[in-house]
Structure formats: structure tokens, C-alpha cells
Amino acid sequence: MELTRLRGFVDWLGAGSLAMLKAEAAARALMPRYGVGEIRVPALERIQLYQRSTGETSDVVEKQMYTFSDRDEAETVVALRPEGTPGVVRAYIEGGLDRSDPEQRFFYSGPMFRRERPQKGRYRQFYQFGVEVFGRADAACDAELLIMIDDYCKSLGLPARMEINSIGDPTCRPAFREALVKWGREHWNELCADCHKRIDRNPLRLLDCKIDAKLAESAPSSLDYLCPDCRAHFDTVRGTLDSVGVRFQVNPRLVRGLDYYTRTAFEIMAEGLGAQSTIVAGGRYDGLVEAMGGAAVPGIGFAIGLERVALALEAANLVNGTVIDAVVIAMGDAAIRQSALIAHRLRAAGLAVEMTSALRKLKASLSRANKIGARFAVIIGEDELARGVVQLRDLAQSTQREVAVGEVAAAIAEAGRN
RNA sequence: GUGAGUGUAGCUCAGUUGGCAGAGCACCGGAUUGUGGCUCCGGUGGUCGAGGGUUCAAAUCCCUUCACUCACCCCA
């Protein structure tokens with residue numbers, strides 16, 4: 001086949017698409033209960049948006065974005081969004097909400113694009129469901145989002161591990177960062193080549209290096225460097241989670257990849273995913289709105305990796321197939337109108353129904369009904385049509401009886417109870 | 001960007017020392033005139049990833065290349 005899909009791009013169908021649907025539907029279902037409304041923003045933005053927010057030196061911006069010149073007079077350079085937060089923040093500021101009505105809660109859902117080397121749980125187009133809250137600096141808000149995530153995992157029945165940390169703010173992080181760099185230079189000879197680069201580039205990343213994990217245990221801990229405000233904030237987050245019974249672990253080596261994060265950072269990990277086990281991640285970004293030209297409004301958010309949740313659901317055997325209650329089979333053209341009407345009524349009664357026309361053989365239609373797991377087959381031939389009845393076949397029990405056209409739904413409801 | 005592994009039917013895979021391209025599942029048909037599953041019988045389906053080389057002969061050996069997967073990295 002010549003016209004194959006692009007590397008790292010995925011066709012979701014069958015069981016996989018059911019898992020994706022479940023992962024997203026569970027998140028959507030939660031939003032009204034937390035007072036979070038949907039925001040729909042473009043998938044294409046100016047490249048500068050990501051350079052200024054995500055971070056010029058982050059891998060995401062530096063080498064993973066899909067960018068091209070738009071064919072306008074200015075040859076605007078645009079990028080497919082590699083993440084959701086910058087677009088939402090832009091829309092928030094552009095809509096003037098930072099000044100007129102700063103406290104807002106949004107969710108978004110859609111594809112993101114990063115040109116990475118694909119592997120399990122990592123694709124070049126991937127779907128994120130994210131929540132962003134603006135105008136709330138208090139720790140109760142952090143806790144509320146973590147409770148929401150806990151709720152999400154529980155509603156899916158998905159076992160997951162929550163890790164949280166505080167990475168400080170502009171008051172205290174510089175000192176911590178400095179301490180890390182100092183530590184890194186002292187242990188230069190023991191660190192891996194990647195860590196040598198990290199010291200200048202992103203020293204916080206020294207902490208979660210897989211190769212130097214053992215050594216990193218002796219590195220300075222962000223928690224020891226928190227200023228009084230950050231410490232109090234983090235204590236309140238933890239205490240609130242405890243009071244609600246949300247289970248979590250404090251991981252002082254947990255950091256965030258993107259530049260704009262402050263204070264609370266968190267990740268939720270699931271089993272059965274290989275190396276990319278983080279299904280949800282996020283944190284507070286109090287300086288971001290202002291840095292992007294808006295008012296000084298705090299913010300916090302997270303994103304769910306829907307593919308990763310879907311994979312975890314499949315690994316945990318938590319995806320069930322679609323259920324068709326009945327297949328309505330028209331034997332010959334004359335019965336098609338009647339079968340359509342009956343199917344329509346059954347659906348109105350809340351049943352899942354598939355229509356088929358036995359143009360070849362009734363056998364083939366029944367075989368189809370069996371294959372898709374239908375409990376009932378409603379068979380209408382010329383004889384039944386003339387007499388105003390149908391054959392109602394119970395495929396699970398291999399029994400069959402004649403039912404008047406108007407009583408099919410009731411008969412199925414009754415038989416279904418047995 | 002780096003490394004390792006794997007490419008044979010739609011899917012999962014076997015294929016011995018180089019010697020006729022195979023199985024199971026799926027699909028289609030029949031046994032059954034308008035009755036599914038289970039069983040039995042039959043059938044469709046192949047550029048052995050691609051290109052080159054060695055050889056009387058290559059899925060098998062050699063070279064090149066492409067793709068996929070996993071991991072590093074990065075991150076959701």
C-alpha cells in the first residue's frame with residue numbers, strides 16, 4: 001500500500017477507539033460537577049505563542065513543533081499546537097477576561113502535535129483533555145484540581161498513583177536552582193552526558209534522570225528551599241487532600257518540563273504503559289498570564305493524555321464493547337419500510353438497534369446479528385408484513401415467537417428482564 | 001537525534017542443512033428454499049518489506065535500503 005498513514009500518526013478504531021471514547025467521556029462527564037466550561041481554541045497559532053510561553057529552550061519548542069509559513073503577505077510563521085495551555089491563555093487574555101472577569105475555569109479537548117520519535121504511549125498527533133483555572137492563587141484550588149483528577153481515575157476504575165511536589169516560585173526557586181547547579185558541578189564526573197547538558201539547560205531535570213537516579217537522591221531537594229509562602233501553600237494542598245481522602249505521595253524529585261510552572265506540580269501514573277506511564281500531569285503557573293502580556297493573574301492546570309489513559313484502560317481490561325440490543329432484518333424490498341419504522345420505534349424506546357436487509361440470505365443477517373452480540377433479531381418477511389406481525393427471535397436462548405408489530409418494544413423489554 | 005529488536009496471507013505466527021509458500025483464526029460458499037452460534041466439507045487470499053548480489057536453486061546466505069516496535073531522550 002502506497003498511501004499509508006504518516007509515522008507516529010494513529011488510526012483509532014475498534015477497541016482502541018472505544019477506549020479513547022471512554023477516556024474522554026469520563027473527563028467530560030466530570031466537568032459540570034466542578035463548574036468547568038468548555039473552551040474551543042484553534043489548533044494552529046503563531047509560532048511566537050509557544051516560544052514565549054512553553055519556553056524557547058524546551059525540546060518541545062526547539063525541535064518538536066510542526067511549523068510552516070502561512071501564505072499571507074507577512075509570511076506568518078505558524079505552528080500546530082504542541083500543547084493546549086498557551087492557546088487557552090492567549091484566548092483568555094485576548095477576550096479581556098484577565099481584566100473584566102479574571103476567575104475562570106476552562107476545559108479543552110483535542111489533538112496536539114509534536115514531532116518526536118514514536119513509542120508506546122507517545123505519538124506525533126495525540127489527544128489531550130486539559131483543565132485550566134485562572135484567577136485563583138489559593139491552595140484550595142490546587143487541591144480541588146487534584147481531587148478532580150482522583151475522581152476521574154476512580155470513575156474509570158483505573159488504578160493510578162499520584163505524585164505531587166512544589167517547585168517554588170520566583171522568590172525561592174533561583175536559590176534552589178543555583179544549589180542544583182552547584183551540586184551538579186561538584187558531581188560532574190559522576191553524572192551522565194545528558195545531565196552535563198541539563199546543568200546549563202534545565203538543571204531541574206537533573207532530578208529525574210533515569211541513569212543518575214541513585215545519585216540524584218543526594219541532590220538538593222526543592223522542599224528544603226521553599227520560601228515561607230510556598231511552604232504554607234504546599235502544606236495546605238497536602239492537608240486538603242488528606243481531609244478528602246485522596247491518596248498521594250510527595251516526590252521531591254518531581255519536576256515539570258515546561259518553563260512556566262511554579263509551586264505545585266503533579267503527575268499521575270498508571271500501570272501497563274511501558275516507559276510513558278504518566279497519564280495526567282500539570283501544575284501551577286502563576287506568572288504565565290502576565291508574561292504573555294495579560295494582567296498579573298495566577299493560573300493552574302493539567303492535561304490528561306487520552307491515548308495513555310486508553311492504553312491503561314485496555315491493559316487493565318476495563319474497556320467493554322458496544323452493545324446492540326436488536327437487529328431488525330427486512331426480508332426483501334417490500335419489508336424495508338416496515339423494518340425501518342420498527343427500528344425507529346425501538347430506538348425511541350431506548351434500545352440500540354441495527355437494521356439489515358437480507359438481500360441474499362436470512363442466514364447471513366442472523367450471522368451478522370450473532371457476530372455483533374445482539375440479543376434479539378426482529379425478522380420481517382412478506383408473510384409477516386401481510387399479517388402485521390414480526391418474528392422475534394431471542395438469540396441468546398434460541399427461541400422465537402410471533403409478535404404484533406406494535407408490541408415489539410414491549411416484548412423485548414419483557415424478555416430482556418429474564 | 002541515539003540504540004536495540006522485528007518484517008512471511010486481513011490477523012497471530014511456523015517454515016529444519018539453501019530444494020514445490022504453510023497452519024490457526026478471520027472472510028466467502030456449501031451441508032440447511034425463510035433461521036445465527038457448534039460441527040463437518042470446500043474456497044478466496046502471498047511482490048516472503050523493497051532493491052541488488054552469491055547459487056543450478058534464496059523466505060533462508062551477503063550487501064544496501066525502507067518500515068514498524070520498544071527503549072534512551074522528551075513528555076501527556
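Two strands pair if DSSP finds at least two bridges between them. The views below show a predicted model.

**View 1. An open sheet of five strands.** The strand order is 13-12-14-15-16, and the pairing is mixed. Strand 13 (353-357) and strand 16 (399-404) are the edge strands; each has a single partner strand, so one side of each has no neighbour in the sheet. From one strand to the next, the twist averages 25°.

**View 2. The pairing of strand 12 with strand 13.** Strand 12 (residues 326-330) and strand 13 run parallel and are joined by five bridges. One of the residues in these strands is Val327, whose bridge partner in strand 13 is Glu354.

**View 3. Helices 14 and 16 against the sheet.** Helix 14 (residues 362-371) packs on the sheet, where it touches strand 12, strand 13, strand 14 (376-380) and strand 15 (389-394). The direction of helix 14 makes about 170° with that of strand 12. Helix 16 (residues 408-416) lies across strand 12, strand 14, strand 15 and strand 16. Relative to strand 14, helix 16 runs at about 155°.

**View 4. Polar contacts with RNA strand B.** Three side chains illustrate contacts to sugar, base and phosphate parts of the RNA. For Gln64, a side-chain N or O atom is 3.2 Å from a sugar or linking oxygen of RNA strand B. For Glu116, a polar side-chain atom lies 2.9 Å from a base oxygen. For Arg256, a polar side-chain atom lies 3.1 Å from a phosphate oxygen. Two or more residues each are given to the surface near RNA strand B by strand 6 (125-134), helix 8 (193-201), strand 10 (278-284), strand 11 (299-305), helix 14, helix 15 (382-387) and strand 15.

**View 5. The protein surface around RNA strand B.** There are 48 residues around RNA strand B, of which Arg198, Arg205, Lys210, Leu395 and Ser398 come nearest. By class, this surface has 20 charged, 14 polar and 14 nonpolar residues. Helix 14 supplies the largest share, six residues. Among the atoms of RNA strand B within 4 Å of the protein, 52% belong to sugar or phosphate, and the rest belong to bases.

**View 6. An aromatic pair between strands 5 and 6.** With ring centres within 6.5 Å as the criterion, the count is seven aromatic pairs. The pair of Phe106 and Phe134 is edge-to-face, at 6.1 Å centre to centre and with 65° between the planes. Phe106 lies in strand 5 (residues 104-113) and Phe134 in strand 6, so the pair ties together parts 28 residues apart in sequence.

Technical notes:
Residues numbered from 1 in each chain as written. Chains lettered and ligands numbered in written order. Predicted model: local features only at pLDDT ≥ 70, side-chain atom pairs only at ≥ 80, totals over all residues. Heavy atoms only, no water. Helix = DSSP H or I, 4+ residues; strand = E, 2+ residues; numbered from the N terminus. Axes fitted to C-alpha atoms, helices over the stretch in contact; angles between N-to-C directions. Contact = heavy atoms within 4.5 Å. Near = heavy atom within 4 Å. Polar contact = N/O pair within 3.5 Å; in protein donor to acceptor, adjacent residues only side chain to side chain. Nonpolar A, V, L, I, M, F, W, Y, C, P; charged D, E, K, R; others polar. Phe/Tyr/Trp six-rings, centres within 6.5 Å; stacked < 30°, edge-to-face > 60°.
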